[in-house]
Amino acid sequence: MTDVLLRVKGLKTWLGEGENPVRAVDGVEFEIRRGETFALLGESGCGKSMTALSLMRLLPPSGRIIQGEAWLGGTSLFDLAEMDMRRERGGRMGMIFQEPMTSLNAVRTVADQIGESVRLHDPENRNDTRSRAVELLKAVGIPDPVRRLDEYPHQLSGGMKQRVMIAMALAGRPELLIADEPTTALDVTIQAQVLALLKDLQQKTGMAVLLITHDLGVVSDVADRVAVMYAGQLIEQATTKRFIRSPAHPYSQKLFQSLPTSGKRGGRLAVIKGSVPKLTQDFKHCRFVDRCDQSMDICTRSEPDWREQGAGGGVRCHLENYPDIRIDQSVTPDSAGTKAVHKSEESLLETRDLKVHFPIHKGVFKRVVGHVKAVDGVDISIAPGRTLALVGESGCGKTTVGKGILQLVRPTGGSARFGGEELTGLTGGALRKRRSRMQIIFQDPVASMNPRMLVGDIIAEGMQAQNIGGSAVSRRGRVLELLEHVGLPADAADLYPNEFSGGQRQRICIARALAVEPRFIVCDEPTSALDVSVQAQILNLLMDLQQEHRISYLFITHNISVVSYLAHEVAVMYLGRIVERGTVEEVLDSPAHPYTQALLSAVPAIDSGSGREVIRLEGDMPSPATPPSGCHFHPRCLQASDECREAYPVSVSLSDTRRVSCFKYRR
Amino acid sequence: MISQLVILWTDALVFLLLLFATLFGIYASRKAHLRGPWRQVVRNKVGVGTLVVLSFYLVVALLDSVHFHPMLDRAELKGADATQSVEVISLFDRLVEGLRERQEKTYSAPLATRLYAKENIELPDGRVIRDFPRLTYGGAHLTDPDSERLPDILRLSAIGIIKGLVVSLAVANVLIMLLAMRSGRSFGAQGRAVLRGATEIPWKTVFYTLALMLMLIFWSAELAAKYHLLGTDKVGEDVFYQALKSIRTGLLIGTLTTLVMLPAAILLGIMAGYFRGWVDDIIQYTYTTLNSIPGVLLIAAAILMLQIYMSNHADEFNSLVERADLRLLFLVIILGVTSWTGLCRLLRGETLKLREMDYVQAATAFGVSNLKIIGRHILPNVLHIVLIAVILDFSGLVLAEAVLSYVNIGVDPTMNSWGNMINSARLEMAREPIVWWSLAAAMIFMFSLVLAANLFSDVVRDAFDPRLRGSR
């Protein structure tokens with residue numbers, strides 16, 4: 001095949017010295033053809049990024065390539081001298097990273113940074129880097145590129161920074177662009193912009209893209225072919241179409257089943273039990289066998305070989321040798337857990353016009369010169385045993401709403417009533433007493449536990465503070481009970497949090513919140529730091545707890561598929577205000593507000609071929625310190641009229657459960 | 001021998017600090033996050049090597065911190081009702097009594113047998129010549145010093161080194177035996193493992209450093225018994241003895257100062273970071289103001305005030321030693337007052353970061369009180385910063401003492417300290433012929449202490465700093 005651009009053979013990369021190095025990449029082989037997008041899919045810690053860094057020869061100091069070859073066209077990358085390799089990096093191979101904030105140098109202008117790449121890798125334009133930089137910025141779709149040239153990274157938004165990163169990578173006119181989770185740190189609407197840009201650039205320049213991601217949605221959106229990586233190996237490779245239609249490896253199948261969707265509502269999500277095995281061992285068996293529910297005798301005895309399957313496809317599984325035993329793995333929704341909870345009587349929690357404004361201080365005397373209106377008049381209500389999902393892009397004030405209700409951040413106005421009692425005025429002991437009724441689960445399970453405390457003490461802390469649970473002995477009993485409840489062994493109580501994986505830590509956090517028997521829990525993106533398979537475990541647990549204890553959730557998230565699976569009602573937030581709310585069916589099936597429509601259309605869908613039309617939102621969310629006049633959304637809205645520029649639309653009721661703030665709808 | 005213990009202020013504080021350190025050690029050994037880094041420290045070759053050196057300094061300082069009135073011989077005390085002198089000496093003084101008591105007339109060079117200055121000597125036949133007289137003690141056992149001195153020194157050195165070797169071999173064997181008992185291996189196997197460097201703690205390095213130190217000690221003990229190893233000073237006092245006595249002063253200033261500054265730094269730093277608002281403003285303004293006063297000025301003012309007080313109330317002090325001790329205490333306190341700001345600022349910054357951590361928020365959501373949050377969540381998480389700061393500050397403070405004593409606002413002139421030695425060396429350096437050994441002795445002792453402390457603190461910081469942990 002002449003059109004093969006990159007060929008990787010038997011790549012092995014180990015990290016660390018000593019007797020047990022981490023075998024981060026353990027015999028990876030793949031090919032990328034010119035002009036195609038090749039996705040490397042996998043959970044965190046399975047060696048995706050290490051593969052990319054090995055290709056660029058940018059491994060961390062402890063890493064080294066043990067064996068393998070990588071051919072870029074006719075060049076063997078691993079045999080190049082460092083001098084020549086430097087020419088390839090940023091020349092024929094460009095790379096963009098996950099975190100646009102840290103990938104740009106904060107003290108140099110955009111022109112400087114792009115110019116540097118141009119000077120190094122584009123000799124023809126060496127003398128006129130500026131005009132080439134303008135060209136590049138135009139190519140990545142940055143409006144008013146001439147003005148942007150002299151700006152510093154902090155003056156750009158996240159999406160813009162990622163575009164500048166892409167522009168820098170394009171400066172050397174690369175034949176291969178390695179994109180390491182390019183959109184993970186970005187919001188859905190910005191993600192849609194960046195993915196569309198990548199596709200567009202690829203069509204224009206004919207470069208190949210190696211896309212590294214953990215997001216099945218992104219894969220199905222942009223990739224031509226996909227390879228699934230697990231524990232340092234490729235376990236399946238196929239065209240995207242075939243992969244989505246019929247994943248061959250049990251792991252890939254499970255990945256699809258564990259995705260929360262509206263179709264699986266009420267049922268339990270399939271979970272992959274356990275976690276990725278430690279890569280310090282020398283595997284003598286299938287790496288997935290401990291977590292596989294189709295494992296056979298042979299799986300524990302020998303490692304499966306790579307079996308070709310059609311053009312460029314293949315799978316690494318013993319099941320391929322025994323096609324007969326293949327169990328039908330079509331999704332069977334568990335009908336047992338129906339939505340028993342009906343729209344109920346009284347609301348448990350109700351906010352009226354809740355406002356949280358942060359003052360901006362300036363000058364020597366710290367005069368207040370303005371306010372960041374993080375939350376600016378939010379009305380929500382949650383009934384017992386129901387889940388309200390609060391969705392929106394980052395920075396729209398979702399988290400502040402949650403903290404404002406719990407009085408972790410003091411609201412500046414409005415009211416929050418819990419079980420009929422006003423919370424906003426409470427202080428000291430009165431507030432402390434009510435703390436046990438309301439709890440919070442945080443996004444980052446690592447940061448939400450004191451690394452210096454034992455798990456048992458962490459869980460007991462709330463009981464101790466609330467003086468419940470009786471003596472130390474009975475409290476201890478309760479801790480063990482809770483651990484069992486969230487599916488952890490009892491001896492976990494005497495370990496430190498760092499001895500657990502991300503999913504297990506989130507379980508501990510849930511156990512901690514449950515310890516004080518709350519009736520209401522704010523879940524602040526509890527699964528966004530977790531892998532898909534682990535996310536399913538946590539979502540199942542949250543569902544079970546709700547049905548058992550009739551707990552209400554305020555589920556703060558930006559992940560629409562989680563919303564459609566878990567929530568009863570949805571509130572969409574934009575710039576501190578709720579623009580639309582209603583039941584999950586109403587809002588997700590027929591979004592009324594233009595922002596909701598755009599947000600939903602930007603979510604990459606897995607069932608490709610449905611002819612989804614992405615409503616492209618231009619630009620980013622404005623700063624909540626200086627919101628636009630009139631409707632906050634009008635500068636980005638495609639349907640904005642003059643009216644929208646002048647006044648903020650009042651909330652209009654569309655049905656009993658549904659309200660929307662838009663001039664399109666009138667009483 | 002010991003009749004009545006005298007507990008000086010600084011002695012009490014030293015042993016209080018030792019108690020704290022032991023308690024902290026016990027506490028740390030039960031906490032995995034503290035035990036881990038310390039284990040890393042003792043598994044590091046530089047770490048254990050410097051630890052051995054530092055522990056020798058520590059032993060000297062502790063021995064020198066047990067003071068008492070010595071008993072006098074009955075014969076000297078006819079008629080007196082007291083059986084003790086007003087003199088206060090330490091256990092260490094008693095141990096090296098010879099060094100303390102063998103005073104010459106004036107300067108003599110290291111290992112010399114004659115004074116450094118010419119004097120009129122009356123010969124047995126009545127003639128008076130002007131020559132370098134023999135020392136009263138240094139090399140007094142030699143009949144013809146000019147020819148016998150060098151062989152004698154070599155002989156003594158050899159004896160000392162052999163003694164040191166023998167003792168260190170014995171110590172090593174005992175240690176290996178203990179190790180073998182603990183690990184359940186045979187003596188031979190354990191010994192081979194140690195020599196191969198196959199043990200987790202690099203015992204080989206420990207043994208080498210220990211042997212080196214022991215040989216040095218026995219060598220100097222042999223020579224110091226017959227000569228003045230580092231010469232004598234203007235009034236004929238042994239410089240080696242002075243340098244040894246200075247160890248206590250240096251170590252005390254390095255450690256006690258931190259004891260003084262820690263409460264203020266920790267309490268105020270955490271309060272400022274945790275409560276923010278006006279508490280933060282007040283604390284910040286306090287340390288900014290304090291920081292903008294030159295530290296030396298503040299120290300000079302305090303010490304001068306104390307001097308005036310002491311000269312006005314001379315009767316309150318029983319002995320010179322007590323006077324000097326009070327001044328040392330004051331110096332420690334004032335150094336503590338001027339040096340807490342750095343750590344305070346560090347802790348404030350770290351607390352600002354920690355208070356926004358989710359687990360602090362979670363604790364707030366449980367209604368845990370502020371005091372408990374600080375004690376349970378903030379303090380344990382800034383402890384590594386405190387530890388690193390204390391160990392890094394140590395060598396700086398030892399050097400600061402030298403500088404302050406040099407400009408006469410340090411410890412009492414009667415107290416032995418490296419700073420005072422350097423201060424007196426100022427005049428000696430201007431003499432012709434030059435008297436260099438006071439300065440050299442102070443430098444050697446201070447240098448090896450500060451170097452060991454610095455190397456050790458590097459190892460400790462590497463072990464405790466979470467940002468460095470992943471890089472190796």
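**Exercises on chain B and its contacts**

Chain B is split into domain 1 (9-65 + 92-226) and domain 2 (239-456), with bounds from an automatic or database domain assignment. This is a predicted model, in which local features need pLDDT of at least 70, side-chain atom pairs count only at pLDDT 80 or more, and totals for chains, interfaces and linings use all residues. Residues are numbered from 1 along each chain as its sequence is written, and chains are lettered from A in the order in which they are written.

**Exercise 1.** Describe the side of domain 1 of chain B that touches domain 2 of chain B.

*Solution.*
- The centres of the two domains, taken over C-alpha atoms, are 28 Å apart.
- Domain 1 of chain B brings 24 residues to the contact and domain 2 of chain B brings 23, where contact means C-beta atoms, placed from the backbone, within 7 Å.
- On the domain 1 side, helix H1 (9-29), helix H3 (45-63) and helix H5 (97-101) of chain B give two or more residues each; helices are DSSP runs (H or I, at least four residues), numbered from the N terminus.
- H3(B) has the largest share of that side, ten residues.
- By type, that side has 18 nonpolar, four polar and two charged residues; Ala, Val, Leu, Ile, Met, Phe, Trp, Tyr, Cys and Pro count as nonpolar, Asp, Glu, Lys and Arg as charged, and the others, Gly among them, as polar.

**Exercise 2.** Describe the side of chain B that touches chain A.

*Solution.*
- Here 16 residues of chain B meet 21 residues of chain A.
- Helix H2 (32-42), helix H13 (358-365) and helix H14 (370-406) of chain B each supply at least two residues.
- H13(B) gives the most, seven residues.
- The chain B side comprises nine nonpolar, six polar and one charged.

Definitions and conventions: Two residues are in contact if their C-beta atoms, placed from the backbone, lie within 7 Å.
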